[in-house]
Structures are given as structure tokens and as C-alpha cells.
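Me: I should like to take a close look at a single part of this protein. Please explain how one of its helices is placed among its neighbours, and then describe the surroundings.

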Amino acid sequence: MLDQFHPCMHDFIENIIDVKPNGNYGYRTIVALLGTSEDSWSLVRNHLLKELAKWSDEYINSLGDIDRYEELKQSLLVDELSIVCKFFVML
């Protein structure tokens, strides 16, 4: 896999992790680099949701309005119950 990177970058690469292809690459990469199982990717999303809730006023301010904040929050919901909630919000 190292050959996928420009040779000038090789000295700076310590480890390459090939994560499962299922649409959660970024989250899987984070947990793999933290040394936990790739299957823990949903924990990263849950932590991000908690962060959004804790600092909601700041995020709403920086994103410009509550609609963009809600869109970001909805994008982090991953379980079946969340999908049902998204459906009811759209009704």
C-alpha cells in the first residue's frame, strides 16, 4: 500500500490501516488508529453527538443557523431508532 503515496511521503508514514469498505471509512480509520476495533466506529459518532449537544449554542452560531445544526446532528445518527426518528421529523 505504501506505493500509493508519493515517495517523498514514505519517511513520514508510520502505519497504514486498510479499513472495511462500508461507507464509514473515516470513523473506522479513527477507531483503528486509536487502537480499538474497527467495529467501534459508531462510538465516534456517539461522541460527536454528545459534543454537539454539549456545545449546541456555539455550533449553531458557527454553522449560521439551527437548520444546519440539525442537519449535522441528523447525519450522525446511525441506529434503526434514529432512522425512524428522521422519518417522523420529515413528516
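Reply: In this predicted model, among contacts in the protein chain between residues at least 6 apart in sequence, 20% join residues at least 24 apart. One pair of residues illustrates how sequence separation and distance in space can be set side by side: H47 and L76 are separated by 29 residues in sequence, and their C-alpha atoms are 9.7 Å apart.

H47 belongs to helix α2, which covers residues 41-54, and this helix is the part to examine closely. The chain as a whole has 5 helices and 0 strands, and its pattern along the sequence is α-α-α-α-α. Helix α2 contains 14 residues and spans 21 Å from its first C-alpha to its last, close to the 20 Å expected at 1.5 Å a residue.

Which residues of α2 are buried? They are W41, V44, R45, L49 and L52. Viewed down the axis of α2, the buried residues fall within an arc of 140°, so they line one face of the helix. That face has neighbours, since the buried residues of α2 pack against α1 (25-33), α3 (56-63) and α4 (66-76).

The other side of α2 carries H47, K50 and K54, which are exposed. For H47 the reasoning can be followed in numbers: a residue is exposed when its relative accessible area is over 50%, and H47 counts as exposed because its relative accessibility is 53%.

Helix α1 can be read in the same manner. Its buried residues include Y27, R28, V31 and A32. Seen down the axis of α1, the buried residues lie within an arc of 130°, so they line one face of that helix. The buried residues of α1 pack against α2 and α4. After α1 comes G35, whose phi is positive, near 90°.

Helix α4, against which buried residues of both α1 and α2 pack, also holds a salt bridge. K73 forms this salt bridge with E70, and the closest N and O atoms are 3.6 Å apart. Why are K73 and E70 about one helical turn apart? The two residues are separated by about one turn because they are 3 residues apart in helix α4. Both partners fall between the limits for buried and exposed, which are under 20% and over 50%. K73 counts as partly exposed because its relative accessibility is 26%, and E70 counts as partly exposed because its value is 29%. A search of the whole structure finds 1 salt bridge.

Attention may now turn to the surface. A nonpolar patch of about 470 Å² is made there by L2, F5, M9, F12 and I16. Of these residues, F12 has its place in the segment before α1. F12 is exposed because its relative accessible area is 65%, and the cut-off is over 50%.

Finally, the chain may be considered as a whole. Buried residues make up 19% of the 91 residues in the protein chain. The accessible surface comes to about 7,200 Å², and 59% of that surface belongs to carbon and sulfur atoms. To return to the part chosen for the close look, α2 has buried residues including W41 and L52, while H47, K50 and K54 are exposed on its other side.

Definitions and conventions
Residues numbered from 1 in each chain as written. Predicted model: local features only at pLDDT ≥ 70, side-chain atom pairs only at ≥ 80, totals over all residues. Heavy atoms only, no water. Helix = DSSP H or I, 4+ residues; strand = E, 2+ residues; numbered from the N terminus. Buried < 20%, exposed > 50% of the residue type's maximum accessible area, 1.4 Å probe, protein only. Contact = heavy atoms within 4.5 Å. Areas by Shrake-Rupley, 256 points an atom, 1.4 Å probe, with all protein chains shown as cover. Expected span 1.5 Å × (residues − 1). Arc of directions from axis to C-beta. Salt bridge = Lys/Arg side-chain N within 4 Å of Asp/Glu carboxyl O. Patch = residues over 30% accessible without salt bridge, like charges linked within 9 Å, V, L, I, M, F, W, Y side chains within 5 Å.
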